[in-house]
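Here are some worked exercises to try with the model open beside you. Have a go at each task before you read its solution.

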Amino acid sequence: MKFVCEGIDLSDAVLKVVKACSTRTTNPILETIRIAAENDGVTLLATDGEIAIMKKIKAEVMEEGALCVPGKFFAEFIKRLEGTQITLASENNCVMIRYSDSESAMQTLNAEDFPVIDFSIDENRVELLAKDLKELIAKTVFCCAQDDSRPVLKGCLVRTGEGRITFTALDGYRMAVCRKTVTGISGDIKIICPGRTLSEIARMLGADDEKINIYLKKNLLMIKIDDTVLTSRLYEGEFVNIANIIPHEYASEVVLDKEAFDASVERAAVLARTDKNSVVRLDVHEDSMGISTNTSIGRVDESVKVLLSGKDVVISLNCKYVSDCLGVIGDEKIRIGFNGSVAPCVITPVDGDAYLYLILPVRTTA
């Protein structure tokens, strides 16, 4: 194999695909990037067995062929050659990297040992705007579980129906739901997509008005953006039945300014985070909501104006969970529903059902 390309093109491609390289594996080939040169281009490919990312770049190919380079080290090295032209050539189980008047070498593995990746994923398709996909991911993926006790909760439930797509994520303490209109669809979809996959897709997305197609087949997902293709395995199993979790009515509802509420919670969080439960206390009565915390470091006691419908309520919540939700909401006003101090609180838009956040209360002794 031998080809010449621009350093900036190779670096951009390597930094995209290296995110799919495995960092903890007993199989060294999963730590590599496969580089294949043919015709007038070069294809780079990496996978950890769950996610695969492929990127094509233009190059002057003098000798076709393929090899596998150590992903992390190759990416770090090539990133420092963005301003020059690079020649890559295979030689005695090494890749020779020539740039300016210099030459370096890196050991390689056999490309034939690299896993075969299925890119023929096209049984079902959903099309939506890039800006909507960005928002769906941003508003839900932070609620995916981080531990392996229930693997399906490390992913988002993605469903389509009635011309809309719904993302749902929960970790046992909080839940996020976001809905958007689709621009095209073939067949209703119900899958559990790994949160990590969605985070990588979000990094790939470009212009907001670009139409993005997500392709599905059995337990596989594929997305193409420009010359980059990502495939991912999907989680198998049953997601939590969220219909049994979301309240249908509330004993108390408030409408308030989102920014004022967020700012108060952030200030309370400065002290609340010194406590193991990071508790912020909400005390809703008449036309105001008290926001307070009391720790060994000190206390915060603020209030924001609200429009209250229903009973007064006092509830304690994890301040990080509240801040995480408020941080991704762009509305000026929000609605919060309560059913007492030991039931979940639910944050929704004042009008419509574009998103929903459910947070379990913290039980306190006070």
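**Exercise 1. Aromatic pairs**

Task: How many aromatic pairs are there, and how are the rings of Tyr355 and Tyr357 arranged?

Solution. Keep in mind that this is a predicted model. Start with the count, which comes to 4 aromatic pairs. Next, take the rings of Tyr355 and Tyr357: their centres are 5.9 Å apart and their planes stand at 35°. Planes under 30 degrees apart would count as stacked and those over 60 as edge-to-face, so this pair is tilted. Then widen the view: Phe142 joins Tyr355 and Tyr357 in one aromatic cluster. Finally, check the accessibility of the two tyrosines. Tyr355 has a relative accessible area of 3% and is buried; Tyr357, at 0%, is buried too.

**Exercise 2. An open sheet and its helices**

Task: Trace the order of the open sheet of 9 strands, find the strands at its edges, and say which strands helix H1 and helix H3 touch.

Solution. Begin with the order, which reads E6-E2-E3-E4-E18-E17-E16-E10-E14, with antiparallel pairing. Strand E6 (65–70) and strand E14 (184–186) each have a single partner strand, so one side of each lacks a neighbour in the sheet. From one strand to the next, the twist averages 15°.

Now zoom in on one pairing. Strand E17 (residues 220–225) and strand E18 (residues 228–233) are antiparallel and share 6 bridges. Leu220 has Arg233 of E18 as its bridge partner.

Then add the helices. Helix H1 (residues 7–17) packs on the sheet, where it touches strand E2 (32–38), strand E3 (41–47), strand E4 (51–58) and E18. The direction of H1 makes about 170° with that of E4. Helix H3 (residues 130–138) also packs on the sheet, in touch with strand E10 (124–129), strand E16 (211–217) and E17. The direction of H3 makes about 95° with that of E10.

**Exercise 3. Strand E8 and its two hairpins**

Task: Which strands pair with E8, and is Ser100 buried or exposed?

Solution. Take the pairing with strand E7 (residues 85–91) to begin with: 6 bridges join E7 to E8, and the two run antiparallel. Ile86 stands opposite Tyr99 in E8. These two strands form a hairpin with 2 residues between them, and Asn92 in the turn has a positive phi of about 50°.

Move on to E9. E8 and E9 pair in the antiparallel sense, again with 6 bridges, and Arg98 faces Glu103 in E9. This hairpin has 2 residues between the strands, and Ser100 there takes a positive phi near 50°. The loop that holds Ser100 links strand E8 (94–99) to strand E9 (102–107).

Last, compare accessibility. Of the 6 residues of E8, 5 are buried, so the strand is largely enclosed by the rest of the structure. Ser100, by contrast, has 64% relative accessibility; exposed means over 50%, so Ser100 counts as exposed.

**Exercise 4. Another positive phi**

Task: Where is Glu286 found, and is Glu286 buried or exposed?

Solution. Glu286 lies in the loop between strand E20 (279–285) and strand E21 (288–294). Although Glu286 is not a glycine, its phi is positive, at about 50°. Its relative accessibility is 62%, so Glu286 counts as exposed.

**Exercise 5. Two helices in contact**

Task: Describe how H5 and H6 cross, and list the residues that make their contact.

Solution. Two packed helices are described by the angle between their axes and the distance between the axes. The axes of H5 and helix H6 (residues 319–327) come within 9 Å and cross at roughly 150°. The crossing is left-handed. On the H5 side, the contact is made by Lys258, Phe261, Asp262, Val265, Glu266, Ala269 and Ala272, and on the H6 side by Cys319, Val322, Ser323 and Leu326. These residues divide into 7 nonpolar, 1 polar and 3 charged.

Look more closely at Asp262, which is found in helix H5 (residues 258–272). Its relative accessible area is 13%; buried means under 20%, so Asp262 is buried.

**Exercise 6. The surroundings of Asn318**

Task: Which residues is Asn318 in contact with, leaving aside its neighbours within four places in sequence?

Solution. Locate Asn318 in strand E23 (residues 313–318). With those neighbours left aside, Asn318 is in contact with Asn277, Ser278 and Val362. Asn318 is buried, with a relative accessible area of 14%.

Technical notes: Residues numbered from 1 in each chain as written. Predicted model: local features only at pLDDT ≥ 70, side-chain atom pairs only at ≥ 80, totals over all residues. Heavy atoms only, no water. Helix = DSSP H or I, 4+ residues; strand = E, 2+ residues; numbered from the N terminus. Buried < 20%, exposed > 50% of the residue type's maximum accessible area, 1.4 Å probe, protein only. Phe/Tyr/Trp six-rings, centres within 6.5 Å; stacked < 30°, edge-to-face > 60°. Pairing = 2+ DSSP bridges. Axes fitted to C-alpha atoms, helices over the stretch in contact; angles between N-to-C directions. Contact = heavy atoms within 4.5 Å. Left-handed = near helix turned anticlockwise from the far one by under 90°. Nonpolar A, V, L, I, M, F, W, Y, C, P; charged D, E, K, R; others polar.
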